[in-house]
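Q: I am new to this structure and would like a close look at a single part of it. Please take me through the side-chain contacts of one helix, and then add what else helps me place it.

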Amino acid sequence: MENVQMSNGKRNFIFSLLFLGWIVDSLTLFGMNVAIIPISKELHLSQTQSGMVISSFWLSSACMTLIAGWFADKFGSRKVIVIAVFIISLFSLLTGMVGSFVAILAIRLILGLGDGGLPTGSSVAITEIYKRKVRARVKSMLLAAQLIGGVLALYISGLIADTWGWRAMFYLIGGVGLVVTLLLFKYYHPPKVVKTTQDGKIQPKIPMKDLYKSKLLWVLVIMYFCSSIVHWGFSSWLPSYLEQTRGLNLKTVGSLAMIPQAFGLLSAILTGYLIDKSLAGKEKFIVLIGAVISGIFLFLMFKAPSIQLAIIYQSIFSFGDSAIAMAIISIPLKYVSQNVIGSFMGTMYFTGGLAGFIAPTAMGILIDAFEGSFQAAFIFLIGALVLVLICAILFKLPKHNTSIYESASLEVKA
């Protein structure tokens, strides 16, 4: 159980600071997906090297999630979140100063450390601030912040890179991020949570070995890993696909790539609301439907005869893709014990980060191997969706409470 006591005004203010931190992070993340086009031309990078630049971010992000999860469970979310946003902002600023492949690879590697801390710390923050019955909606709003940042990044980065060059984009994002860091440092003070059992006793520490023996954890981990392969592989290469295959300029690429992101944003908010209101315990069916929709329209997008149809299919794909991610992430927030939520989410985000590292590089290798064709890369993504579908079919919530799992019916009235 959790003891969440806080005024609505303070709760909303703290959440708004988290929201800003997520937008800065996603501006850095998605901005690179457009900026990599002029960066590759300026630094003479191959498709494989471009994939490595995007992927290096995810390697360090994945490693940091495990550390951040343990740290947030032990000390709370504040330090994790403030340090994470500071690293993201500073090294975004430094990205604009690089002049070689090795330098940008190193900068993105360090920047990923901040990205690894933010989602895990924020998941713990949600359990510190909100009751179980609204956590899916709250998490959907943070995912919305990521998607809003993605929409802004795709438009702004294309516009700025086309007008003033890609370096100006990273200077702007880094400067804004440092201001957000100062606000978080001064004002972000979530309440300390007293972790108790149903009869009011202090919850005992849960050995990490119990966590890693949990079937619930590993089924979710595999689902999240495969869905992240699809999400980050697609989002990383979409701008390059539009530019290289459809012959669009940077400004148009940014504008058109916004549309699927907007559909993903709508899907995340709607899915979070429905899970809290009427679909709690039925998350697997959202994953199943989302996987089928995503697979069908990803295939149709690649075969689309016109750019207009391609964008329509991308938008429907993004709707299904966001529904999958929201449903998977909501499960631990609603059903996992407060004592291990940081480590549980950290493990999930670790595999998501690995997927973010593997997918762009793997797709870059496949595109190079097939002489610029994206066909094999898209088949790779569809294969990952098939695995998501299989895991969703096999997934079941435990019937009884365990040291890891708590029924949503144990919600504290507050």
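A: What follows looks at helix α1 and its side-chain contacts, and then turns to a few contacts elsewhere.

The model is a predicted one, and helix α1 covers residues 8-43. A useful place to begin is Glu-42, which lies in this helix and whose side chain meets that of Arg-167 in a salt bridge, with 2.8 Å from N to O. In general, side chains of opposite charge can pair when their charged atoms come close. The partner, Arg-167, belongs to helix α6 (residues 166-187), so that the bridge links distant parts of the chain, 125 residues apart. Neither end of this bridge needs to be pictured as hidden away, because Arg-167 is partly exposed at a relative accessible area of 23%, and Glu-42 is likewise partly exposed, at 40%. The count of salt bridges comes to one.

The link between helix α1 and helix α6 appears again in the aromatic side chains. A search of the whole structure finds six aromatic pairs, and one of them joins Phe-13 to Tyr-187 in an edge-to-face arrangement, with 5.6 Å from centre to centre and 80° between the planes. Since Phe-13 lies in helix α1 and Tyr-187 in helix α6, this pair ties together parts that are 174 residues apart in sequence. Phe-13 counts as partly exposed at 39% relative accessibility, and Tyr-187 is also partly exposed, with a relative accessible area of 38%.

Another of the aromatic pairs is formed by Phe-15 and Phe-19, whose rings are tilted, with 6.3 Å from centre to centre and 50° between the planes. This pair stays within helix α1, where the two residues are four residues apart, about one turn of the helix. Both Phe-15 and Phe-19 are buried, whereas Phe-13 is partly exposed.

Beyond helix α1, rings also meet charged groups: the charged end of Arg-78 sits over the ring of Phe-185, 5.3 Å from its centre, and the charged end of Lys-284 sits over the ring of Phe-285, 6.0 Å from its centre.

Finally, a contact between two other helices can be described through their axes. Helix α2 (residues 47-75) and helix α12 (residues 341-369) have axes that come within 7 Å and cross at roughly 175°. As angles over 145 degrees count as roughly antiparallel, α2 and α12 are therefore roughly antiparallel to each other. The residues of their contact divide into 16 nonpolar, 15 polar and two charged.

Note on methods:
Residues are numbered from 1 along each chain as its sequence is written. This is a predicted model: local features need pLDDT of at least 70, side-chain atom pairs count only at pLDDT 80 or more; totals for chains, interfaces and linings use all residues. Side-chain values use heavy atoms; hydrogens and water are left out. A salt bridge is a side-chain nitrogen of Lys or Arg within 4 Å of a carboxyl oxygen of Asp or Glu. Buried means under 20% relative accessible area, exposed over 50%, partly exposed in between (1.4 Å probe, protein chains only). Axes are lines fitted to C-alpha atoms, for helices over the stretch in contact, and angles run from 0 to 180 degrees between N-to-C directions. Angles under 35 degrees count as roughly parallel, over 145 as roughly antiparallel, 65 to 115 as roughly perpendicular and the rest as oblique. Ala, Val, Leu, Ile, Met, Phe, Trp, Tyr, Cys and Pro count as nonpolar, Asp, Glu, Lys and Arg as charged, and the others, Gly among them, as polar. Rings of Phe, Tyr and Trp (its six-membered ring) pair if their centres lie within 6.5 Å; planes under 30 degrees apart count as stacked, over 60 as edge-to-face and the rest as tilted. A charge sits over a ring if NZ of Lys or CZ of Arg is within 6 Å of the ring centre and within 35 degrees of the ring normal.
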